[in-house]
Amino acid sequence: MTESVTDAATAQIPSSTWTTPAELRRLEISATLCLVLIWVLIICAFQGWLHPAVLLIAPLLYIRFELNAHELIHACRATDLNPIVRYMPAGQSIYHMGYEGYRRNHLDHHRFVGTKDDPERYLVDGPAWLAAIKSVGCIDVAAVRYVRLYHKSFTWRDYLEALFHVAVFVGLLLWNWRVFLVYFVSLRVMVGLADFFFHRSLHAEGDPIARWFRRIDKAYPWLFGCWLGRHMTSILVWHDAHHAYPRVSARNLPEVEQLAGQAEGATHTEPATATATA
């Protein structure tokens, strides 16, 4: 596993707080299992072995996959990961990005957060109800932006990946269009609303959703821990620290937030101490 993505801010924090190679491996395995389970559900439902309602579990698995992939994005390039994670789940849209596309999109979010160039800005600005509606198309919005900004750097692998996604989408539609609609609509709505909820609550200053979400880890740690992973909720609860130090492991974000606060306090008190001594 190659830890190839760093940033200047994280470099100022002890490397012992960074996501370790062992953690990255566990995250990759967890992300892979989520995708495999999604496809097991798809095959069983499309073949009629299980009721189509089981596909409502797929979005929950995908949200967990997204958080695992989020940790990987800050440490791994696509070539560092297995093909299952690299190409990501197909069938969400006629075309959507693979891992490298999501990686570029998310790093742009970190680079341009709070500005008009932030790729997730539309989930934060304007009325909440309108942003929630727009969130259902978040996969398409991200894919269009990715193609518009990065198409000149595409290689034959990118075009092959695009053809793969088109083929899977059309294949599922032709295989069993009724079951496909259950899968497609539930995934797009649930994942879209989850993206809206996370981005709105974590980046909209003063939003009531944001104030409520900060209490979520203390109120339901066992529930969200079982669903999203033991430490994954730290990315959500300590999101400011994550933006400041994106290379730091989710489990170490509370510690890093405390260290940063102590360092900032020491910086502010130093001039007063010097004056008193003088």
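Reader: What covers the buried residues of H6 in this structure?

Author: The cover includes helix H7 (138–150) and helix H9 (177–203), a helix being a DSSP run of H or I with at least four residues, numbered from the N terminus, while a strand is a run of E with at least two. The model is predicted, and for that reason local features need pLDDT of at least 70 and side-chain atom pairs count only at pLDDT 80 or more, whereas totals for chains, interfaces and linings use all residues. Residues are numbered from 1 along each chain as its sequence is written, and side-chain values use heavy atoms, with hydrogens and water left out.

Reader: Which residues of H6 are called buried, and how do you know that they lie on the same side of H6?

Author: Helix H6 (residues 128–135) has Ala131, Ala132 and Ser135 as its buried residues, where buried means under 20% relative accessible area, exposed means over 50%, and partly exposed lies in between (1.4 Å probe, protein chains only). These buried residues cover an arc of only 105° around the axis, which puts them on the same side of H6; the arc is taken from the directions that run from the helix axis to the C-beta atoms. On the other side of H6, Trp129 and Ile133 are exposed.

Reader: How do you know that the span of helix H2 agrees with its number of residues?

Author: Helix H2 (residues 21–47) has 27 residues, and the expected span is 1.5 Å times one less than the number of residues. That gives 39 Å, and the end C-alpha atoms of H2 are 39 Å apart, so the two values agree. Just after H2, Gly48 takes a positive phi of about 85°.

Reader: Pro21 also belongs to H2, so why is Pro21 called partly exposed?

Author: The relative accessible area of Pro21 is 45%, which falls between the two limits for buried and exposed, and Pro21 is therefore classed as partly exposed. The C-alpha atoms of Pro21 and Ala75 are separated by 9.3 Å, although these residues are 54 residues apart along the chain.

Reader: What makes the pair of Arg111 and Asp108 a salt bridge?

Author: The closest N and O atoms of Arg111 and Asp108 are 2.6 Å apart, and a salt bridge requires a side-chain nitrogen of Lys or Arg within 4 Å of a carboxyl oxygen of Asp or Glu, so the pair qualifies. Both residues lie in helix H5 (residues 99–112), three residues apart, about one turn of the helix. An α-helix has 3.6 residues a turn, so residues three or four places apart point the same way. The two partners are nevertheless classed in opposite ways, since Arg111 is exposed at a relative accessible area of 54%, while Asp108 is buried at 3%.

Reader: How many salt bridges does a search of the whole structure find?

Author: The search finds nine. One of the pairs is Asp117 with Lys116, at 3.5 Å from N to O; Lys116 counts as exposed at 75% relative accessibility, and Asp117 is partly exposed at 36%. Another is Arg121 with Asp125, at 2.8 Å from N to O, and here Arg121 is partly exposed at 27%, as is Asp125 at 37%. Glu100, Arg103 and Arg104 are linked in a network of salt bridges.

Reader: Why is His106 called buried, and which residues does His106 touch?

Author: His106, which lies in helix H5, has 12% relative accessibility and therefore counts as buried. Leaving aside residues up to four places away in sequence, His106 touches His70, Ile73, His74 and His242, a contact being a case of heavy atoms within 4.5 Å.

Reader: What makes the group that includes Leu56 and Leu60 a nonpolar patch?

Author: The residues of a patch have over 30% relative accessible area and no salt bridge, with nonpolar side chains (Val, Leu, Ile, Met, Phe, Trp, Tyr) joined within 5 Å and like charges within 9 Å. Leu56, in the loop between H2 and helix H3 (57–73), is partly exposed at 42% relative accessibility, and therefore passes the area limit. The members of this surface patch are Leu56, Leu60, Leu173, Trp177, Leu181, Val185, Val189, Met190 and Leu193, which together have about 710 Å² of accessible area, and the largest share, six residues, comes from H9.

Definitions and conventions. Accessible areas come from the Shrake-Rupley method with a 1.4 Å probe; for residues, only the protein chains shown count as cover.
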